[in-house]
Amino acid sequence: MKIKYLGHSCFTIETQGKTLLFDPFISPNPINDTIKAELIEADYILVSHAHEDHTADLVAIAQRTGAMVIAIWEIHAWLQKQGVTNTHPMNIGGKRNFDFGKVSMTYAMHSSSFSDGTYGGTAAGFLIETEGKIIYYSGDTALHQDMKLLGERFTIDWAILPIGGNFTMDAVDAAEAANFLRTKNVIGMHFNTFGYIVIDEHQAKGAFENTGANLTIMKIGEHIAI
Ligand code: NI
Ligand code: MN
């Protein structure tokens with residue numbers, strides 16, 4: 001399977017012949033000059049919460065590709081009003097099998113509203129079980145105790161976690177999250193896009209020193225095979 005970084009919190013995961021796109025925020029990303037939103041292909045779009053920096057390109061990509069959007073009930077309801085009809089609503093704690101694998105919607109400690117003021121439900125994250133691996137995409141979140149529960153109940157191979165601070169966890173908290181989640185592999189997200197979340201990447205990696213976990217910081221457009 002292939003994990004590709006499209007900037008900010010946007011990734012694709014290619015697995016089982018399907019492309020899963022997470023939190024599309026591409027065309028307004030001030031530090032992206034490589035990825036074109038109008039060229040992205042997706043079979044599924046997973047949306048963690050409604051904030052603009054996670055949904056800016058959502059409606060356009062969903063309409064162009066016809067991808068199924070997997071999101072919490074309130075985001076599903078908002079999308080229906082925008083004319084996006086291929087949606088699958090979930091809520092925190094729910095699990096569902098899709099043709100690429102299993103999705104569990106997890107709790108995130110964050111807020112969620114659309115730029116038009118519409119309430120976006122609770123902020124969420126996702127556990128993806130596919131090809132015998134478990135990937136945790138936390139969404140925007142603070143460090144929280146429920147991550148311990150995920151670590152107890154799931155063998156998490158990779159965790160995609162915010163490291164930018166200010167609005168979310170920083171790298172120090174992400175290192176503790178890796179400990180809670182009992183995972184050794186962390187991919188950073190939600191950093192450097194705006195002034196509030198500019199980080200020192202060397203310092204961020206330093207926060208993982210002697211923790212037994214490794215922080216991978218990807219460049220926009222870069223991918224890894226896992
Ligand atoms: Ni947010
Ligand atoms: Mn955000």
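Donors are N, O and S atoms within 2.8 Å of the metal, and sites may look incomplete because water is not among the atoms. In this predicted model, the manganese ion (ligand 2) has as its protein donors D53 (OD), H54 (NE2), D140 (OD) and H190 (NE2), which lie 2.2 Å from the ion. Along the sequence, the donor residues of the manganese ion (ligand 2) follow the spacing D-H-x85-D-x49-H. D53 and H54 are both buried.

The nickel ion (ligand 1) is held by the protein donors H49 (NE2), H51 (ND1), H110 (NE2) and D140 (OD), at 2.2 to 2.3 Å. The spacing of these donor residues in sequence is H-x1-H-x58-H-x29-D. The angles among the 4 donor atoms of the nickel ion (ligand 1) run from 87 to 178°, and the site is irregular. The range fails the tetrahedral criterion, because that class requires all angles to lie between 85 and 135 degrees. The nickel ion (ligand 1) and the manganese ion (ligand 2) are 3.0 Å apart, with D140 coordinating both. D140 thus appears among the donors of the nickel ion (ligand 1) and again among those of the manganese ion (ligand 2).

Two of the nickel donors come from separate loops. H51 is placed in the loop between β4 (44-46) and α1 (52-55), and H110 in the loop between β8 (101-107) and β9 (124-130), so this pair ties together parts that are 59 residues apart in sequence. H51 has a relative accessible area of 17% and is therefore buried, the limit being under 20%. H110, with 24% relative accessibility, counts as partly exposed.

Helix packing was examined for α4 and α5. Two packed helices are described by the angle between their axes and the distance between the axes. The axes of helix α4 (residues 146-153) and helix α5 (residues 171-181) cross at roughly 40° and come within 7 Å. The two helices are therefore oblique to each other. On the α4 side the contact is made by M147, K148, L150 and G151, and on the α5 side by A177, F180 and L181. Sorted by class, the contact of α4 with α5 has 5 nonpolar residues, 1 polar residue and 1 charged residue.

A204 is part of helix α6 (residues 201-206). Its relative accessible area is 7%, so A204 is buried. When neighbours within four places in sequence are left aside, A204 is in contact with A171, I199, L215 and I217. The C-alpha atoms of A204 and D170 are separated by 8.1 Å, although the two residues are 34 residues apart along the chain.

Positive phi values occur at Q16 and D23. For Q16, a residue other than glycine, phi is near 55°. Q16 is located in the loop between β2 (11-15) and β3 (18-22), and at 48% relative accessibility counts as partly exposed. D23, likewise not a glycine, has a phi of about 45°. D23 lies in the loop between β3 and β4. With 0% relative accessibility, D23 counts as buried.

Notes: Residues are numbered from 1 along each chain as its sequence is written. Chains are lettered from A and ligands numbered from 1 in the order in which they are written. This is a predicted model: local features need pLDDT of at least 70, side-chain atom pairs count only at pLDDT 80 or more; totals for chains, interfaces and linings use all residues. Side-chain values use heavy atoms; hydrogens and water are left out. Axes are lines fitted to C-alpha atoms, for helices over the stretch in contact, and angles run from 0 to 180 degrees between N-to-C directions. Helices (H or I, at least four residues) and strands (E, at least two) are DSSP runs, numbered from the N terminus. Angles under 35 degrees count as roughly parallel, over 145 as roughly antiparallel, 65 to 115 as roughly perpendicular and the rest as oblique. Contact means heavy atoms within 4.5 Å. Ala, Val, Leu, Ile, Met, Phe, Trp, Tyr, Cys and Pro count as nonpolar, Asp, Glu, Lys and Arg as charged, and the others, Gly among them, as polar. Donors are N, O and S atoms within 2.8 Å of the metal (3.2 Å for Na, K and Ca); water is not among the atoms, so sites may look incomplete. Four donors count as tetrahedral if all angles lie between 85 and 135 degrees; four count as square planar and six as octahedral if opposite donors are over 155 degrees apart and all others between 65 and 115; anything else is irregular. Buried means under 20% relative accessible area, exposed over 50%, partly exposed in between (1.4 Å probe, protein chains only).
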